[in-house]
Amino acid sequence: MSLIKESDVIDSVADALQFIACYHPKDFIQAMSNAYEREQSASARDAIAQILMNSRMCAENNRPICQDTGIVNVFVKVGMNVQWKATMSLEDMVNEGVRRAYLHPDNVLRASVVSDPLGSRQNTKDNTPAVIHTELVPGDSVEVLIAAKGGGSENKAKFTILNPSDSLVGWVLDTVPKMGAGWCPPGMLGIGVGGTAEKAMLMAKESLMHPIDIQDLIERGPKTATEKLRVELYEKVNNLGIGAQGLGGLTTVLDVKINDYPTHAASLPVAMIPNCAATRHIHFTLDGTGPAEFEPPSLNDWPDITWQAAENTRHVNLDTVTQNDIEQWQPGETLLLSGHLLTGRDAAHKKIADLMAKGQPLPEGLDFNGRFIYYVGPVDPIDGEVVGPAGPTTATRMDKFTDMMLAETGLLGMIGKAERGQATVESIKQHRSIYLIAIGGAAYLVSKAIKSSRIIAFEELGMEAIREFYVENMPVTVAVDSQGQSVHETGPKEWRIKLAALTIE
């Protein structure tokens, strides 16, 4: 019988969250490295290189892999022989660990959790509460699976209840393209099959914490129906040609995980949840001997990759760029941006829309005319940094505001991640604007291009405040050009055709 101390739970949760914020699991690094070596799409290969470089830089400097440091998910299996030396509930212990991790003075993590979700949506300031699932099991230890799940991938979770005779494979292949690229592929797909609606979703989420082992499975050969389905979905999803960041390529998923459970004879509940390129999870066990310890991976685990822009990459001065300039840019083209740009996300756009609806002016000093906006909510800086990790957020959340911004503010262009909706693409075409993407999963790498930062408006919004960045050689890709051509349409389409030809051969 083991005695688990309150402090051991708190310290272990805090240390685990700090650890996974900065270190990719070794299996993910290896899988991404293999994807990089196989990739034939120049755009996708470039994106994977940036993700791997970012990963190594974060490991070297103990900084978050992504600016979205996630909402905390915890699966706890408590041995029934365990005794506790604690005054707090297990939930309170976990949340105290979360609080300490996200407010750690040497490495503050971005707090993204808001309370009163249907009302004021006020940031809780410390990323609590976590989402906690507890199970009583035989034994005298406490097992913990903990993950920090980013909003971009979480927002793409899907659920359906199929008829027992329906094709699960067909549903997945129909659904994955509709998820777009906001979940930052390449990543993993977690699938839960059976049980009830909530059980299927829970199984899908937990499956994402399993090691990446699809290549081992393929080499030894699948034996069970579930293993055969994993391999089939892995191959068929990758043959969709979506590729890294949705740019088109060979690798969309690094693995497909499936958990199942007995279900009603009339039902086939199916949940699917993706994990992004900022995969963050870890497992630890408490047995009464003290808090868990976490050993960083060796830097030798990362491939020797150095990202450099091609010699013919277009350099853009944001302070002098004109309408005529942006009309020369082509979908899929890489640009290096230098100069001043503004930032803003959902909350800032909502405030702007409310002011305009009331006929009120924008805050003093806020002028979008002829400028670019970067959809970003950065991590707080430390140790003399200008800004912490500052990767792009999913641009489709700003779609509802885009036509207003282009028509009424004089905004010239936008920078985010993933595709835009069809109505937004039409608005970009109508206003002869431009939409660029930075690489999701390369937040720390991107932050190194930011040389100064100051708040312009809505300081009360915290990480969602409007800032002005001065950037030097910030790498981006043209995603939607001024004629409305989208690389998220043309790239996957091109690679579906190529992959079909390879399959036939």
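# Helix α12, the nonpolar cores and the salt bridges

In helix α12 (residues 399–408), the buried residues are Asp 399, Phe 401, Thr 402, Met 404, Met 405 and Leu 406. The model described here is predicted. The buried residues of α12 pack against three elements: α11 (346–357), β16 (413–416) and α13. Just after this helix, Gly 410 has a positive phi of about 80°.

Two of the buried α12 residues, Thr 402 and Leu 406, are also in contact with Met 414. Other contacts of Met 414, with neighbours within four places in sequence left aside, include Phe 372, Ile 373, Tyr 375, Arg 420, Ile 428, Ser 433, Ile 434, Tyr 435 and Leu 436.

## Nonpolar cores

In soluble globular proteins, nonpolar side chains tend to be buried together. The largest nonpolar core in this model has 65 residues, and Phe 368, Met 414, Tyr 435 and Ile 466 have the most contacts inside it. Helix α3 (residues 42–61) gives the most to this core, with nine residues. Domain 1 (151–277) and domain 2 (314–491) each supply at least three residues to the core. A second, separate core has 37 residues, among them Ala 14, Phe 19, Met 93 and Ala 130.

## Tyr 435

Tyr 435 lies in strand β17. Is Tyr 435 buried or exposed? Its relative accessible area is 0%, which is under the 20% cut-off, so Tyr 435 counts as buried. Not counting residues up to four places away in sequence, Tyr 435 touches a run from Met 414 through Ile 415, Gly 416 and Lys 417 to Ala 418, and also Arg 420 and Ile 428. Further along the chain, Tyr 435 touches Thr 477, Val 478, Ala 479 and Val 480, and earlier in the sequence, Ala 395.

The side chain of Tyr 435 also makes polar contacts with backbone oxygens. One is the backbone oxygen of Lys 417, at 3.1 Å. Another is the backbone oxygen of Ala 418, which lies 2.7 Å from a polar atom of the Tyr 435 side chain. By contrast, Lys 125 is 310 residues from Tyr 435 along the chain, and their C-alpha atoms are separated by 32 Å.

## Salt bridges

Side chains of opposite charge can pair when their charged atoms come close. How many salt bridges does a search of the whole structure find? The search finds 27 salt bridges. Three of them are set out below.

| Pair | Closest N to O | Separation in sequence |
|---|---|---|
| Asp 301 and Lys 26 | 3.8 Å | 275 residues |
| Lys 257 and Asp 213 | 2.8 Å | 44 residues |
| Arg 432 and Glu 327 | 2.4 Å | 105 residues |

Asp 301 forms a salt bridge with Lys 26. Asp 301 is in the loop between β12 and β13 and Lys 26 is in helix α2 (residues 26–38), so the pair ties together parts that are 275 residues apart in sequence. Asp 301 is partly exposed, at 22% relative accessible area, and Lys 26 is exposed, at 55%.

Lys 257 forms a salt bridge with Asp 213. Lys 257 belongs to strand β10 (residues 253–261) and Asp 213 to the loop between α7 (197–207) and α8 (214–220), so this pair joins parts 44 residues apart in sequence. Lys 257 is buried, with a relative accessible area of 4%, whereas Asp 213 is partly exposed, with 30%.

Arg 432 and Glu 327 meet through their side chains. Arg 432 sits in the loop between α13 (422–430) and β17 (434–437), and Glu 327 in the loop between α10 (323–326) and β14 (334–343). Both residues are partly exposed: Arg 432 has a relative accessible area of 42% and Glu 327 has 24%. Elsewhere, salt bridges that share partners join Asp 11, Glu 96, Arg 99, Arg 100 and Asp 126 into one network.

## The annotated region and Thr 313

An unreviewed UniProt entry places the feature "domain: Fe-S hydro-lyase tartrate dehydratase beta-type catalytic" at residues 288–490. Over these residues the chain is 22% helix and 24% strand, with the end C-alpha atoms 56 Å apart.

Thr 313 is in the loop between β12 (281–286) and β13 (314–317). Thr 313 is buried, with a relative accessible area of 11%. Leaving aside neighbours within four places in sequence, its contacts are Thr 334, Leu 335 and Leu 336.

Terms used
Residues are numbered from 1 along each chain as its sequence is written. This is a predicted model: local features need pLDDT of at least 70, side-chain atom pairs count only at pLDDT 80 or more; totals for chains, interfaces and linings use all residues. Side-chain values use heavy atoms; hydrogens and water are left out. Helices (H or I, at least four residues) and strands (E, at least two) are DSSP runs, numbered from the N terminus. Buried means under 20% relative accessible area, exposed over 50%, partly exposed in between (1.4 Å probe, protein chains only). Contact means heavy atoms within 4.5 Å. A nonpolar core is a set of buried Ala, Val, Leu, Ile, Met, Phe, Trp, Tyr and Cys residues joined through side-chain atoms within 4.5 Å. Domain bounds come from an automatic or database domain assignment. UniProt positions are given in the numbering used here, feature names are shortened, and annotations may be inferred rather than shown by experiment. A salt bridge is a side-chain nitrogen of Lys or Arg within 4 Å of a carboxyl oxygen of Asp or Glu. A polar contact is a pair of N or O atoms within 3.5 Å; within protein, one must be able to donate a hydrogen and the other to accept it, and residues adjacent in sequence count only if both atoms are side-chain atoms.
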